[in-house]
Amino acid sequence: MFGKLFGGGRERPTADPHALPVPRRQKNGTYPLRALGDTRVLALVEAADAGDWQAVKAALAPFDLGRDHAVLGELAELDGVQDWIGRAVEEDKEHRATALLISGARHISWGWEARTSARAVNVTQEQWRVFHERLEIAEEQLLEAAELRPDWVTPWRRLLTSGRGMSLGPAVNETRRDAALRRDPLDLETHIEWVSQLQPRWSGEPGQALAFARKAFAGAPDGHRLGCVIAMAHIEEWVESDSQDHLDTPEVQEELREAARCSILHPAYERPLGWQEDFNIFAMALALSAESIVAPRVFHELDGAYTSWPWTYMAQPEKAYARFRRRA
């Protein structure tokens, strides 16, 4: 996967035969990552956009959708999938679990699109109705997918999101978290979802999420991407805080530096499909903490690649990314 060593002991990645060409950069030198930067994912997205189930199945061949959150996320966020995926669920008995998984994940995203990111008091009754209607469909489909494929982790991680949206309570959501972590104890996306669940805005207690993240990361091997859970927990702390410089302390800066060095910047870190999101998570956390030692290296590795998550927590995400990049 890697070539010769370069500055600081890191290895220079070899050319990826599936990498998409870097698109024309914006004036600020950045560009939004498309289809995880991968030609195979782009083919999958284009097939789904065309509503071609046979082509979607063919394009899914290189991927394990039951464990690959990033690839499933590309389908979940694609508008229009909900218009045709129901037919695949009903007609393709051989691939019913896959169709249910895609449909369930899409219905969660579609539900949140109806609800919007507005505060609960500003969501209309009609928006709530549509939101819950779509989440109920997602729940039913994801539970069936999980039953059909008991080895899959992705349905359980998605059920955490729908369970939070439907206010199913701690007992249900803890059961779902445990189901996901039994299948993959180091699953980053499940940990990040639980960090969100533990925020005060979702009935958690202050400090709970950070304590959970620290305990999880302490059990991860060097080079594992689970270090991102530390960065995400600090971002969530910033979201909950009334202070814009909440993270600007030597203690937070040092914790983020150590987490980055032990995970995404460690020689053992293997860049997964969509690795740029891991780096964007750290880029945002380090930038918010005004960290100046590791942040430049993280932004340098990204080379301008921007992912919407987690920058969507900011009013103008791409502009914020570009601004912090310049500072770094």
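Ser167 is exposed, with a relative accessible area of 64%. In this predicted model, Ser167 sits in the loop that joins helix H7 (154-165) to H8. Its phi is positive, at about 55°, although Ser167 is not a glycine. Ala35 also has a positive phi, near 50°, and is likewise a residue other than glycine. Most residues other than glycine have a negative phi, and most peptide bonds are trans. Ala35 belongs to the loop between S3 and helix H1 (39-49). Ala35 counts as buried because its relative accessible area is 7%, under the 20% cut-off. A cis peptide bond runs from Trp309 to Pro310, with omega near 5°. Pro310 is part of helix H15 (residues 308-311).

The chain as a whole contains 16 helices and four strands. Its radius of gyration is 20 Å, which agrees with the value near 20 Å for a compact globule of 328 residues. The C-alpha trace spans about 55 × 45 × 40 Å along its principal axes. Of the 328 residues, 52% count as buried. Among contacts with a separation of 6 or more, 64% come from residues 24 or more positions apart. The accessible surface comes to about 15,700 Å². Carbon and sulfur atoms hold 51% of that surface. The chain carries 39 positive and 50 negative charges, and the mean positions of the two sets are 5 Å apart.

Helix H8 (residues 170-183) includes Asn173. Asn173 is buried, with a relative accessible area of 2%. Beyond its neighbours within four places in sequence, Asn173 is in contact with Leu159, Leu160, Gly163, Arg164, Trp194 and Gln197. One of these partners, Arg164, also serves as a reference point for Ala15. The two residues, Ala15 and Arg164, are 149 residues apart in sequence and 41 Å apart in space, C-alpha to C-alpha. Ala15 lies in the loop between strand S2 (10-13) and strand S3 (31-32). Ala15 counts as exposed because its relative accessibility is 74%, over the 50% cut-off.

Confidence averages a pLDDT of 93 over the chain. At least 70 is reached by 96% of the residues. Residues 1-12 stand apart in this respect, with pLDDT under 50 throughout. For residues 1-12 the model has 26 contacts beyond four places in sequence. Where pLDDT is low, the predicted coordinates should not be read in detail.

Methods:
Residues numbered from 1 in each chain as written. Predicted model: local features only at pLDDT ≥ 70, side-chain atom pairs only at ≥ 80, totals over all residues. Heavy atoms only, no water. Helix = DSSP H or I, 4+ residues; strand = E, 2+ residues; numbered from the N terminus. Rg over C-alpha atoms; globule rule 2.2 N^0.38 Å. Buried < 20%, exposed > 50% of the residue type's maximum accessible area, 1.4 Å probe, protein only. Contact = heavy atoms within 4.5 Å. Areas by Shrake-Rupley, 256 points an atom, 1.4 Å probe, with all protein chains shown as cover. Lys, Arg positive; Asp, Glu negative; His and termini not counted. Charge placed at Lys NZ, Arg CZ, Asp CG, Glu CD. pLDDT = per-residue confidence, 0-100.
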